[in-house]
Amino acid sequence: MNTELSRHILLFAEVARQLNFSHAADILGVSKGYLSQQIKQLENTLGTTLLYRSTRKVSLTPEGQLLLSQAEKLEQVLVETQQQIHDQQDTVEGVLSLTAPAAFAERYLVRLCDEFVAQNPRVECVFDVGNHRQDLQLAEFDIAFRITHNPPENVVARHLMTFSNWCVASPTYLDKHGTPNTPDELNNHNCISLSFWRKWAFFANREGYLIDVKGGVSYPQNDLLRKSALLHQGIINVPDYVVDEDVSEGKLTAILSNYVAEPKQVYMLYPKRTVQPAKVRAFVSFMLGHPIWKNENRLSTSNDAYS
C-alpha cells in the first residue's frame with residue numbers, strides 16, 4: 001500500500017465515523033473542501049462509491065462499511081507501531097555493537113561492559129576489535145573507540161582519556177643487550193613493532209627524533225608485542241596502559257624516560273541522530289560518568305621534553 005492511499009484511507013475513516021464532512025474536517029484540522037476532494041480521489045482510486053451523499057446526510061455504502069472496518073485495523077496497527085517505537089527509544093535493551101582497538105578493549109572495555117550489562121541486563125554488547133578502522137556511516141556500529149587527534153566531523157566525538165607510549169623491555173633482555181640511552185641507540189637493538197608502524201617518534205628539549213626501527217619480527221596487535229617483550233625478545237613501543245602493570249610489577253622496564261612520545265587521545269564516537277536509541281544514550285552516559293577516566297587522564301612521562 002502506497003503512502004498516499006494510506007493517507008486517504010485514514011481521512012476516510014474519520015469521515016465514516018462522523019458521517020459529516022464539516023465535523024470530520026474540524027477534527028482533522030483541514031478544510032471541508034480539501035477533505036471532500038481527498039475522499040473523491042480515494043473513490044476514483046478504488047473504482048467504487050464509498051459514501052452516499054445528500055444535502056441532509058452522509059451514509060456509508062456497503063463498500064464504505066467494509067473499508068471502514070479495515071481502516072480501523074490500519075489505525076490500530078499504526079498506534080501499536082508508534083508505541084513500540086517509543087518503547088524502544090525509552091527502554092534500554094537490544095544489541096549494542098562496539099568497535100575498538102584490541103588492547104584498549106582488553107584493558108578497559110571488557111570490565112566496563114560487564115558493569116554496564118550488569119546494570120542493564122536487557123542489553124548485549126557485541127565487539128569488533130582490531131586496529132582496522134570501521135566507517136561508522138557504512139558499518140552498522142553503535143559505538144566506536146578511536147585513538148586520534150582529529151575525530152571525524154560527521155559523528156559525535158566524546159573525549160575519554162589521554163595517554164602516551166612507553167618504550168619497554170624485560171630486565172633480562174636489557175641485562176644481556178644493554179640499555180639504550182638515546183633514541184638513536186635503538187638501531188643497535190631488536191625492536192619489535194607493529195607491522196604497520198615501524199617509525200617511532202620521540203621528543204626531548206624541543207628536538208624530535210624519528211627512528212625507523214628494525215627487528216626480527218613484527219605483529220599486528222599490541223598485546224602480541226607485550227608478550228614478546230615478556231619473553232625477553234626485544235624492545236617494544238606501546239601505549240602505557242598496555243604495560244603499566246608489568247612495569248609496576250618489575251616484569252618490564254621503561255627506558256628512554258627522558259624522551260617522550262606525543263600524547264594521544266582516545267575518543268568515543270557514535271553516529272549523529274536526531275534521537276539516539278536508549279541503549280546508546282545509556283552507554284554513553286555510563287562511560288562518560290565512570291570514575292576510571294579520572295585516573296587514566298594522565299601523561300605517562302614528563303612534559304619537560306616539550307619545554
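## Helix crossing, cores and salt bridges

Helices α7 and α8 cross in a right-handed manner, a term used when the near helix is turned clockwise from the far one by less than a right angle. The structure is a predicted model, in which local features need pLDDT of at least 70 and side-chain atom pairs count only at pLDDT 80 or more, whereas totals for chains, interfaces and linings use all residues. Residues are numbered from 1 along each chain as its sequence is written, and side-chain values use heavy atoms, with hydrogens and water left out.

The axes of helix α7 (residues 222–230) and helix α8 (residues 240–248) come within 10 Å and cross at roughly 25°, and that angle makes α7 roughly parallel to α8 (angles under 35 degrees count as such). On the α7 side, N222, R226 and L230 take part in the meeting, and on the α8 side their counterparts are V242, V243 and D246.

The protein chain as a whole holds ten helices and 14 strands, which are DSSP runs of at least four residues (H or I) and at least two residues (E), respectively. Of its 307 residues, 42% are buried (under 20% relative accessible area with a 1.4 Å probe; exposed means over 50%, and partly exposed lies in between). Among the contacts in the chain with a separation of 6 or more, 74% join residues 24 or more positions apart, a contact being heavy atoms within 4.5 Å.

Turning to the interior, the largest nonpolar core has 41 residues, and F104, I143, F145, F283 and M287 have the most contacts inside it. Such a core is a set of buried Ala, Val, Leu, Ile, Met, Phe, Trp, Tyr and Cys residues joined through side-chain atoms within 4.5 Å. Helix α5 (residues 102–119) supplies the largest share of this core, namely eight residues. When residues up to four places away in sequence are not counted, F104 touches L109, F145, L160, M161, Y241, V266 and W293. A second core, separate from the largest one, consists of 20 residues, including A16, F21, L35 and L68.

Charged side chains also pair up, and eleven salt bridges are found in a search of the whole structure (a side-chain nitrogen of Lys or Arg within 4 Å of a carboxyl oxygen of Asp or Glu). One of them joins E72 and R17, whose closest N and O atoms are 3.7 Å apart; because E72 lies in helix α4 (residues 62–90) and R17 in helix α1 (residues 3–18), the pair ties together parts that are 55 residues apart in sequence. Another links R53 with E43 at 3.3 Å, N to O, and since R53 belongs to strand β1 (residues 51–53) and E43 to helix α3 (residues 32–46), this pair ties together parts that are ten residues apart in sequence. In a further salt bridge, the side chains of E249 and K251 meet at 3.2 Å, N to O. Salt bridges with shared partners join E14, R17, E72 and E75 into one network.

The table sets out the accessibility of residues in these pairs.

| Residue | Relative accessible area | Class |
|---|---|---|
| E72 | 37% | partly exposed |
| R17 | 36% | partly exposed |
| R53 | 37% | partly exposed |
| E43 | 5% | buried |
| E249 | 51% | exposed |
| K251 | 44% | partly exposed |

Read pair by pair, partly exposed R53 is matched with buried E43, while exposed E249 is matched with partly exposed K251.

Note on methods:
Axes are lines fitted to C-alpha atoms, for helices over the stretch in contact, and angles run from 0 to 180 degrees between N-to-C directions. Angles under 35 degrees count as roughly parallel, over 145 as roughly antiparallel, 65 to 115 as roughly perpendicular and the rest as oblique.
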